Amino acid sequence: EEIVQTGLAELIEGTSENRKYLALHATAKVGTIMKVRNEMNNQMVMVRVIGQIPSTGDNDKILIKLSKAAYNRLGAIDKRFRVEVSYMP
């Protein structure tokens with residue numbers, strides 16, 4: 001059963017050297033491959049979950065954090081932007 005979520009995405013700081021499409025997600029297991037779609041321009045990217053988002057106050061509204069490569073691939077311009085995420089648990 002595919003899970004589809006919408007929410008805010010944000011850049012993972014310090015990933016500008018990395019060319020891989022990686023993500024931190026609130027609930028998905030490490031290793032999960034997910035499709036992320038930028039709701040502003042319909043650009044899509046497939047990312048691999050490498051960890052969970054730390055549950056700090058800054059992150060309470062964030063659905064997913066993306067590596068710089070994935071962020072660029074989605075054509076994001078804002079620090080936080082709306083995305084649709086879909087994956088198989």
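Two strands are taken to pair if DSSP finds at least two bridges between them.

**Figure 1. The six strands of this predicted model form a closed barrel.** The order around the barrel is β1-β5-β2-β4-β3-β6, and the pairing is mixed. From one strand to the next, the twist averages 45 degrees. The views that follow take up individual strand pairs of this barrel and then its interior.

**Figure 2. Strand β2 pairs with β4 in the parallel sense and with β5 in the antiparallel sense.** β2 covers residues 22-25 and β4 covers residues 44-52, and four bridges link the two. Within this pairing, H25 has Q52 of β4 as its bridge partner. Towards β5, the number of bridges from β2 is three. Here L24 stands opposite K65 in β5.

**Figure 3. Strands β3 and β4 form a hairpin.** Between the two strands lie five residues. One residue of the turn, N42, has a positive phi of about 65 degrees. β3, which spans residues 33-38, runs antiparallel to β4 and is joined to this strand by five bridges. Among the facing residues, K35 stands opposite M46, while V36 has V45 as its bridge partner in β4.

**Figure 4. Strand β3 also pairs with β6 and has one covered and one uncovered face.** Five bridges join β3 and β6, and the two strands run antiparallel. V36 stands opposite V85 of β6. In a regular strand, side chains alternate between the two faces of the sheet. In β3, the covered face carries M34, V36 and N38, whereas I33, K35 and R37 belong to the uncovered face.

**Figure 5. The largest nonpolar core comprises 20 residues.** The members that touch the most other members are M34, V36, V47, I64, L66, F81 and V85. At least two core residues come from each of β1 (3-11), β3, β4, β5 (62-66), α1 (68-73) and β6 (80-87). With four residues, β6 gives the most to this core.

**Figure 6. I64 is shown with its contacts beyond its neighbours within four places in sequence.** The contacts of I64 include L8, A9 and E10, as well as A23, L24 and H25. M34, V36, V47 and I53 are also in contact with I64, as are V83 and V85. Of these contacts, M34, V36, V47 and V85 are listed with I64 among the core members that touch the most other members.

Terms used. Residues are numbered from 1 along each chain as its sequence is written. This is a predicted model: local features need pLDDT of at least 70, side-chain atom pairs count only at pLDDT 80 or more; totals for chains, interfaces and linings use all residues. Side-chain values use heavy atoms; hydrogens and water are left out. A nonpolar core is a set of buried Ala, Val, Leu, Ile, Met, Phe, Trp, Tyr and Cys residues joined through side-chain atoms within 4.5 Å. Buried means under 20% relative accessible area, exposed over 50%, partly exposed in between (1.4 Å probe, protein chains only). Contact means heavy atoms within 4.5 Å. Axes are lines fitted to C-alpha atoms, for helices over the stretch in contact, and angles run from 0 to 180 degrees between N-to-C directions.
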